[in-house]
Amino acid sequence: MKILFVCLGNICRSPAAEAIFHKKIQDLSEQPTVYESAATSNHHNDEPADERMRAALAGYGYETISRSRQVCRDDFQTFDLILAMDQQNYRSLIRSKPEDSLSKIKLICEYSDMEYTEVPDPYYGGSEGFDIVIKILENCIDRIINEHFNQ
Ligand code: 4NP
């Protein structure tokens, strides 16, 4: 199962998802998986994650080292599951998906049992927005691992 986490800039929410997933799968006996993150936009291409996001992640023991890249055509062949952080990213992915792609595109919050249906964009808000992103993603990722990776 290969998973791609996608947001608008690939500097806040999707690198956080990748970092949280990375830490949580360390506890599994087998880790037969590929996981990355990417952006629907190219505005932050090759930038590291936003330092506010990195600081918030570090507070919970997560680390992200990825750099931003845009979703590309190959991703729709490589990844089994492409998880969008919000409706805007979801619609953009559906529009870009080639006809022969077998990738499943979903909103990551389909896995959440919290009240959120999207992961809110923290970029223009205060520091509490970054903590909320982490809480929502932890909840989704626990359930993703239970559903797809529990041996
Ligand atoms: P992300 O957050 O999509 O979670 O990486 C954003 C990053 C940058 C911008 C918006 C959202 N921006 O407008 O530059």
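A charge is taken to sit over a ring if NZ of Lys or CZ of Arg is within 6 Å of the ring centre and within 35 degrees of the ring normal. In this predicted model, the charged end of Arg52 meets that description with respect to Tyr123, sitting over the ring at 5.3 Å from its centre. The charged end of Lys23 is likewise placed over the ring of Tyr62, at 5.2 Å from the ring centre.

Arg52 also contributes to the packing of two helices. Together with Met53, Ala56 and Leu57 in H2, Arg52 meets a set of residues in H5 comprising Phe130, Asp131, Val133 and Ile134. The axes of helix H2 (residues 51-59) and helix H5 (residues 127-148) come within 9 Å and cross at roughly 55°. H2 is therefore oblique to H5, and the crossing in which H2 passes H5 is right-handed.

Aromatic contacts were examined next. With ring centres required to lie within 6.5 Å, four aromatic pairs are counted. In the pair formed by Phe21 and Tyr35, the ring centres are 5.0 Å apart and the planes stand at 65°, so the arrangement is edge-to-face. Because Phe21 belongs to helix H1 (residues 13-24) and Tyr35 to strand E2 (residues 34-39), this pair ties together parts that are 14 residues apart in sequence. Both Phe21 and Tyr35 are buried. These two residues form one aromatic cluster with Phe5 and Phe149.

How values were computed. Residues numbered from 1 in each chain as written. Predicted model: local features only at pLDDT ≥ 70, side-chain atom pairs only at ≥ 80, totals over all residues. Heavy atoms only, no water. Phe/Tyr/Trp six-rings, centres within 6.5 Å; stacked < 30°, edge-to-face > 60°. Helix = DSSP H or I, 4+ residues; strand = E, 2+ residues; numbered from the N terminus. Buried < 20%, exposed > 50% of the residue type's maximum accessible area, 1.4 Å probe, protein only. Axes fitted to C-alpha atoms, helices over the stretch in contact; angles between N-to-C directions. Parallel < 35°, antiparallel > 145°, perpendicular 65-115°, else oblique. Left-handed = near helix turned anticlockwise from the far one by under 90°. Contact = heavy atoms within 4.5 Å.
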